[in-house]
Amino acid sequence: MRGKWCLTPFLLTPFLLLVAGAALAQTSPLQVTAAPAAGGGTVYSVPVQTLLVFTLLTFLPAVLLMMTSFTRIIIVLSLLRMALGTQTTPPNQVLIGLALFLTLFVMGPTFDRVHDSAYVPFRDNKLGFEQALAAGGAPLKEFMLKHTRAADLELFARMARLEEKGQTVAEPAQLPLRVVIPAFVTSELKTAFQIGFMVFIPFLIIDMVVASVLMSMGMMMLSPVLIALPFKLMLFVLADGWNLLIGSLVASFQI
C-alpha cells in the first residue's frame, strides 16, 4: 500500500500539467495566434511579432558590417595606423567608434529613406511586417548596387547560376540580395586596399629615407621604425592628415 501511495503523485503530475496549461491558455493575454489579413497577408499576435523583431536584431551587426560603408572605413583607418607605425594608437575602440559615426554620417540619407518608406508605414499599420522588410531593404540594395563593380556582380551572378534556374535578370536591381551583398563586400575590400596603398606611399618613403641615412652613418643598432615615427607623425599633422583622409573617405561614397 505504501508503494501505491508513493506512486500516486507521479501519476497525477501529467493530469495536473494538462489542467494548468489549459487554464493558462484561457487566462493568458499573450496568446500566440496568426490570422489572415484583409490584403491577403498574415497578421501575427504581439508575442510572435516581438520574437521576430528580436530575431532580426541579432542580424544587426552583420547588416552594419556587410551592407554599409563601415567595411571600407574601418579597413582604411586600420591601414593608416599600420602606415604610421603606431601599434595601438589610436586604440581599436577609437577607430571603431570613429568608423561607426562616419558610417552613420555616410548612410544618413539611406537610413532616412528606410525610415520614411518602411518604419513609418509599418508604425501606422499601413504595411505588414513582410512588406515593411521589403520596403526597407530597397534603399540599402540601391546603395550597395551604386558602389559595386559590374565585374563583381557578374562573378557572383555566374556562381549563383541564376540563368540555369530560370531567373532572368535584365538589370542589376533584379539581382537577389544573396548575390548583391557578397559582390558589394568584395568591391569594398578592393576599394579600401586601393585607398590604403595611396596612404602608405608617403610614410614608406620616410621609412626608406631614414633607413638609408642610418645605414650610411653606420648606426645599425638604432631601429629605423623608432626614428622614423616622429617624422611620420609630424608629416601627418602638418598636412592635416585626418581632415584629408576623412574628407576623401566620405567623398568616395558620394560619386
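**Close-up 1. Thr 68 sits in the loop between α3 (60-66) and α4.** This is a predicted model, and we start at that loop residue. Is Thr 68 buried or exposed? With a relative accessibility of just 1%, Thr 68 counts as buried, because the cut-off for buried is under 20%. Leaving aside residues up to four places away in sequence, Thr 68 touches Val 63, Thr 103, Met 107, Phe 111, Phe 143 and Phe 184. One of these partners, Thr 103, turns up again in the view of α5, where Thr 103 is among the buried residues.

**Close-up 2. Helix α4 (residues 70-84) meets helix α10 (residues 224-238).** Here the axes of the two helices come within 9 Å and cross at roughly 135°. α4 and α10 are therefore oblique to each other. Which residues meet here? From α4 come Leu 80, Ala 83 and Leu 84, and from α10 come Leu 229, Lys 232, Leu 233 and Phe 236. Sort that contact by class and you get six nonpolar residues, one charged and no polar.

**Close-up 3. Helix α5 (residues 92-106) has a buried side and a face turned away from it.** A quick ruler check: 15 residues at 1.5 Å a residue should span 21 Å, and the end C-alpha atoms of α5 are indeed 21 Å apart. Look for Leu 95, Ala 99, Leu 102, Thr 103 and Val 106, which are buried. Seen down the axis of α5, the buried residues fall within an arc of 105°, so they line one face of the helix. What covers them? The cover over the buried residues of α5 includes α3, α4, α6 (108-123) and α11 (241-252). On the face turned away from the buried side, you'll find the exposed residues Gln 93, Phe 101 and Phe 105.

**Close-up 4. Helix α11 also lines up its buried residues on one face.** The ruler check works here too: the twelve residues of α11 should span 16 Å at 1.5 Å a residue, in agreement with end C-alpha atoms 16 Å apart. Which residues of α11 are buried? They are Gly 241, Leu 245, Leu 249, Val 250 and Ser 252. Viewed down the axis of α11, the buried residues fall within an arc of 165°, so they line one face of the helix. Covering the buried residues of α11 are, among others, α4, α5, α9 (177-216) and α10. Two helices in that list, α4 and α10, are the pair from the second close-up, with axes that cross at roughly 135°.

Key:
Residues are numbered from 1 along each chain as its sequence is written. This is a predicted model: local features need pLDDT of at least 70, side-chain atom pairs count only at pLDDT 80 or more; totals for chains, interfaces and linings use all residues. Side-chain values use heavy atoms; hydrogens and water are left out. Axes are lines fitted to C-alpha atoms, for helices over the stretch in contact, and angles run from 0 to 180 degrees between N-to-C directions. Helices (H or I, at least four residues) and strands (E, at least two) are DSSP runs, numbered from the N terminus. Angles under 35 degrees count as roughly parallel, over 145 as roughly antiparallel, 65 to 115 as roughly perpendicular and the rest as oblique. Contact means heavy atoms within 4.5 Å. Ala, Val, Leu, Ile, Met, Phe, Trp, Tyr, Cys and Pro count as nonpolar, Asp, Glu, Lys and Arg as charged, and the others, Gly among them, as polar. Buried means under 20% relative accessible area, exposed over 50%, partly exposed in between (1.4 Å probe, protein chains only). The expected span of a helix is 1.5 Å times one less than its number of residues. The arc is that of the directions from the helix axis to the C-beta atoms.
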